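Trainee: Hi, do you have a moment to go through a model with me? I'd like to ask things as they come up.
Mentor: Sure, put it on the screen and fire away.

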Protein chains: 2
Amino acid sequence: GMITEVLFFPDKEVACKNHFISDRGCFNTKCRYSHAKTSLSELYRHLNTADKSLDVSIFCFTCFDLAEILIMKHKRGVKIRIMTDDEQVDSSGAQIWNLRKEGIPIRTDRSSYLMHHKFVIVDSRLLINGSFNWTRQAITGNQENLLITNDSYVVNEFRNEFEKLWKEFDPK
Amino acid sequence: GMITEVLFFPDKEVACKNHFISDRGCFNTKCRYSHAKTSLSELYRHLNTADKSLDVSIFCFTCFDLAEILIMKHKRGVKIRIMTDDEQVDSSGAQIWNLRKEGIPIRTDRSSYLMHHKFVIVDSRLLINGSFNWTRQAITGNQENLLITNDSYVVNEFRNEFEKLWKEFDPK
Ligand SMILES: [Zn+2]
Ligand SMILES: [Zn+2]
């Protein structure tokens with residue numbers, strides 16, 4: 001079916017990753033995270049539907065919880081690729097080295113200009129795109145948006161751009 | 001009809017504003033700007049279709065040519081509203097004071113968090129949204145995207161968010 005969804009941030013509370021993502025749910029009776037639906041929980045939900053691939057193109061990636069979801073998916077055999085901005089890789093709190101350590105392929109631009117995209121393609125069929133960097137500040141602080149669509153024209157345009165940049169950013 | 005368009009940056013050349021926007025076209029025989037279609041020229045074209053309103057929500061706005069288009073539209077009676085990030089207003093090259101001087105209403109957040117959206121709504125019927133800030137660097141330097149749609153569900157979600165923030169950012 002057709003999927004079109006719009007999410008706005010900031011969320012009032014941080015969604016509980018265990019509640020929304022883990023197979024067993026959240027057992028913390030004093031959990032300080034949200035078990036109610038938020039924009040982040042919707043992002044979690046869509047990322048969690050990946051069973052083949054997650055192509056992530058994200059300027060700034062410092063959010064530990066989102067990194068953990070990628071690592072969990074990677075361990076379950078989902079093919080993850082991440083491209084980011086070269087100057088962001090070593091910035092404070094960047095998750096890129098954690099992800100690389102797990103064996104997830106990461107590529108970056110090699111210019112003083114910005115790899116400024118903030119999109120993910122789930123299983124080559126769903127696009128999540130907007131202003132939202134993968135940072136805690138974007139979740140509960142900033143005014144941000146995400147548009148989620150499985151419109152095949154739109155998804156294919158972003159897939160092509162991802163493949164083009166993935167080749168372009170090949171360090172070899 | 002249905003409009004769905006995807007634009008990627010950087011452009012190889014800067015589109016000629018006169019060629020794409022002015023009623024008389026470009027008369028400069030040695031024009032150093034592009035008269036061929038680019039991503040920026042497509043943005044110009046869509047902005048130029050506005051005859052009622054342009055609701056602009058943009059984190060960083062330093063591009064002189066895009067400011068000029070808003071001023072031209074404003075002088076022709078198109079109702080312009082701009083919201084931006086308070087810390088960006090006085091940043092180097094910011095166009096906000098030029099636009100305010102012309103009488104265009106501008107509002108900002110009043111927090112250390114970011115008003116990080118980068119979208120425009122044209123005549124309450126077309127959304128232009130993505131990673132693209134209105135800067136020269138975004139046009140010819142960075143990897144950026146814009147998704148353009150007149151899907152009424154999507155447009156209405158962004159209209160509602162614009163109105164909500166516009167009220168929230170009222171300085172009174
Ligand atoms: Zn919980
Ligand atoms: Zn020209």
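Trainee: Let me start with a helix: by about how much of a helical turn are A:Glu161 and A:Lys164 separated in α6 of chain A?
Mentor: By about one helical turn, because the two are three residues apart in that helix, residues 152-168. Helices (H or I, at least four residues) and strands (E, at least two) are DSSP runs, numbered from the N terminus.

Trainee: And what do the side chains of A:Glu161 and A:Lys164 meet in?
Mentor: A salt bridge, with N to O at 3.7 Å. The term stands for a side-chain nitrogen of Lys or Arg within 4 Å of a carboxyl oxygen of Asp or Glu.

Trainee: How many salt bridges are there over all chains?
Mentor: A search of the whole structure finds 21. Before we go on, keep in mind that this is a predicted model, where local features need pLDDT of at least 70 and side-chain atom pairs count only at pLDDT 80 or more, while totals for chains, interfaces and linings use all residues. Residues are numbered from 1 along each chain as its sequence is written, chains are lettered from A and ligands numbered from 1 in the order in which they are written, and side-chain values use heavy atoms, with hydrogens and water left out.

Trainee: Got it. Now the interface: what is the salt bridge count between chain B and chain A?
Mentor: Zero. Polar contacts are another matter: 14 residue pairs make one across that interface, both partners at pLDDT 80 or more. Such a contact is a pair of N or O atoms within 3.5 Å; within protein, one must be able to donate a hydrogen and the other to accept it, and residues adjacent in sequence count only if both atoms are side-chain atoms.

Trainee: Which element of chain B gives the largest share of the side that touches chain A?
Mentor: That's α6(B), with seven residues. By class, this side of chain B has 13 nonpolar, 12 polar and seven charged residues. Here Ala, Val, Leu, Ile, Met, Phe, Trp, Tyr, Cys and Pro count as nonpolar, Asp, Glu, Lys and Arg as charged, and the others, Gly among them, as polar.

Trainee: How many residues does each chain bring to the contact?
Mentor: 32 from chain B and 32 from chain A, with contact meaning heavy atoms within 4.5 Å.

Trainee: And how much area is buried between them?
Mentor: About 2,800 Å², of which carbon and sulfur atoms give 62%. Buried area is the accessible area (1.4 Å probe) that two parts lose on being put together, summed over both. In chain B, the residues losing the most area to chain A are B:Phe8, B:His116 and B:Gln143, together 23% of what that side buries.

Trainee: Switching to metals, which residues are the protein donors of the zinc ion (ligand 1)?
Mentor: A:Cys16, A:Cys26 and A:Cys31 through SG, plus A:His35 through NE2, lying 2.1 to 2.3 Å from the ion. Donors are N, O and S atoms within 2.8 Å of the metal (3.2 Å for Na, K and Ca); water is not among the atoms, so sites may look incomplete.

Trainee: How are those donor residues spaced in sequence?
Mentor: As C-x9-C-x4-C-x3-H.

Trainee: What about the zinc ion (ligand 2), who coordinates that?
Mentor: B:Cys16, B:Cys26, B:Cys31 and B:His35, at 2.1 to 2.3 Å.

Trainee: Last topic, which residues does the cis peptide bond in chain A join?
Mentor: A:Phe9 and A:Pro10, with omega about 15°. A:Pro10 lies in the loop between β1 and α1 of chain A. Chain B has a cis bond joining B:Phe9 and B:Pro10.
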